[in-house]
Amino acid sequence: MIRKIIKIDEEKCTGCGLCAEACHEGAIEMIGGKARLTREDYCDGLGDCLPACPANAISFVEREAPAYNEAAVLAAKRKKAGAVLPCGCPGTHSRTIKHEAVKASAEPVSSQLSQWPVQIKLVPVNAPYFDNADLLIAADCTAYAYGNFHNEFIRGRITLIGCPKLDEGDYAEKLTAIITNNEIKSVTVARMEVPCCGGIENAVKRAVMASEKNIPVRVVIISADGKIPEV
């Protein structure tokens, strides 16, 4: 069947292994110091590995490939979860699943989102919630990477999100219109540490400059393991 699947540029690949860690389906393995798509039927075509790659070595293509086999992926995960280390201890994945089950049973964190829509391309240029607002302009992945994102970033702010790598076009023009036509108090940019996320930071800075307004801009960079590195 013809479907969307990832393609890894071996020449660009630096062998960091971040894409293999980001691939929850286990479709990518590190072989000979390079990332390889070893199981095409494990690749769901959603591209969680794309933003994890600091070398921009991964892209989407549409080609003949076996269908995504969810049953095989789940079976592989169950097998990995039940693996026993040479010392007799359960595998780390097993401990992760148990930990996630405990977290899932805990009291859910209340959403701090105050407006809808949130996608940069969908929000109107003018809206009452922009009046005297503190803006949060965030890359999509940040809310998934940083556990307390709602309380520390979304609370008290108007939230706009986007992915500079996967979305078509440049955000700068839309953001310039929003900042120019509304009374914005401040802008916080939340982005991942991967290079492709620099696009959203650059778009915000260009938009503020084009608006000719003196608005404070704060940039927060989140690492792939969900931490905010000290500057």
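Leaving aside its neighbours within four places in sequence, which residues is F130 in contact with? In this predicted model, the partners of F130 are P124, V125, L135, I158, L160, I178, N182, E183 and I184. Keep that residue in mind. The path through the structure returns to it.

Start with the whole chain. It has 231 residues, and 37% of them count as buried. Seven helices and eight strands make up its elements. Take the contacts between residues at least 6 apart in sequence: 72% of them join residues at least 24 apart.

Next comes confidence. The average pLDDT of the chain is 85. A score of at least 70 is reached by 87% of the residues. One stretch stands at the other end: over residues 84–105, pLDDT stays under 50. For that stretch the model has 12 contacts beyond four places in sequence. Where pLDDT is low, the predicted coordinates should not be read in detail. Helix 3 is assigned to residues 92–105, and pLDDT is under 50 there too.

Now go inside. The largest nonpolar core has 23 residues. F130 is among those with the most contacts inside this core, together with L135, I137, L160, L175 and V187. Two of these, L135 and L160, are also on the contact list of F130 itself. Which elements give two or more residues to this core? They are strand 5, strand 6, helix 6 (172–181), strand 7 (184–192) and helix 7 (198–211). Helix 7 gives the largest share, five residues. Apart from this core lies another, of 19 residues. Its members include C19, C23, C43 and V73.

C43 leads to a further residue, N69. Along the sequence, C43 and N69 are 26 residues apart. In space, their C-alpha atoms are 8.3 Å apart. N69 is found in the loop between strand 4 (58–64) and helix 2 (70–81). Is N69 buried, partly exposed or exposed? Its relative accessibility is 31%, so N69 counts as partly exposed.

H24 offers a similar view of the chain. This residue has its place in the loop between helix 1 (18–22) and strand 2 (28–31). Beyond four places in sequence, H24 is in contact with D48 and K77. Y42 is 18 residues from H24 along the chain, and 9.4 Å separates their C-alpha atoms.

Turn to the loop between helix 3 and strand 5. P117 lies in this loop. The peptide bond that joins W116 and P117 is cis, with omega at about 5 degrees. N132 lies in the loop between helix 3 and strand 5 as well. Phi of N132 is near 55 degrees, a positive value in a residue other than glycine. N132 counts as exposed because its relative accessibility is 51%, and exposed means over 50%.

Another positive phi belongs to E212, at about 60 degrees, although E212 is not a glycine. E212 is found in the loop between helix 7 and strand 8 (217–222). At 74% relative accessibility, E212 counts as exposed. Across from the sequence position of E212, by 32 residues, is T180. The C-alpha atoms of T180 and E212 are separated by 8.0 Å. T180 has its place in helix 6. With a relative accessibility of 38%, T180 counts as partly exposed. Which residues does T180 contact beyond four places in sequence? They are S211 and K213.

The last stop is a space between the atoms. Rolling a probe the size of a water molecule over the atoms shows where empty space is left. The second largest pocket holds about 260 Å³ of it. Of its 13 lining residues, D140, A143, Y144, I154 and I161 are the closest to its centre. Four elements give two or more residues to the lining: strand 5 (133–139), helix 4 (142–145), helix 5 (149–154) and strand 6 (158–162). By class, the lining has nine nonpolar, three polar and one charged residues. Strand 5 and strand 6 thus appear twice on this path: they help line the pocket, and they give residues to the largest nonpolar core.

Key
Residues are numbered from 1 along each chain as its sequence is written. This is a predicted model: local features need pLDDT of at least 70, side-chain atom pairs count only at pLDDT 80 or more; totals for chains, interfaces and linings use all residues. Side-chain values use heavy atoms; hydrogens and water are left out. On a 1 Å grid over the protein atoms alone, a cavity is a set of points where a 1.4 Å probe fits but cannot get out, and a pocket is an open set with protein on both sides within 12 Å along at least five of seven lines; lining residues have an atom within 4 Å of a point. Grid points are joined across faces, edges and corners, and a volume is the space filled by probe spheres set on the points. Ala, Val, Leu, Ile, Met, Phe, Trp, Tyr, Cys and Pro count as nonpolar, Asp, Glu, Lys and Arg as charged, and the others, Gly among them, as polar. pLDDT is the predictor's confidence in each residue, from 0 to 100. Contact means heavy atoms within 4.5 Å. A nonpolar core is a set of buried Ala, Val, Leu, Ile, Met, Phe, Trp, Tyr and Cys residues joined through side-chain atoms within 4.5 Å. Buried means under 20% relative accessible area, exposed over 50%, partly exposed in between (1.4 Å probe, protein chains only).
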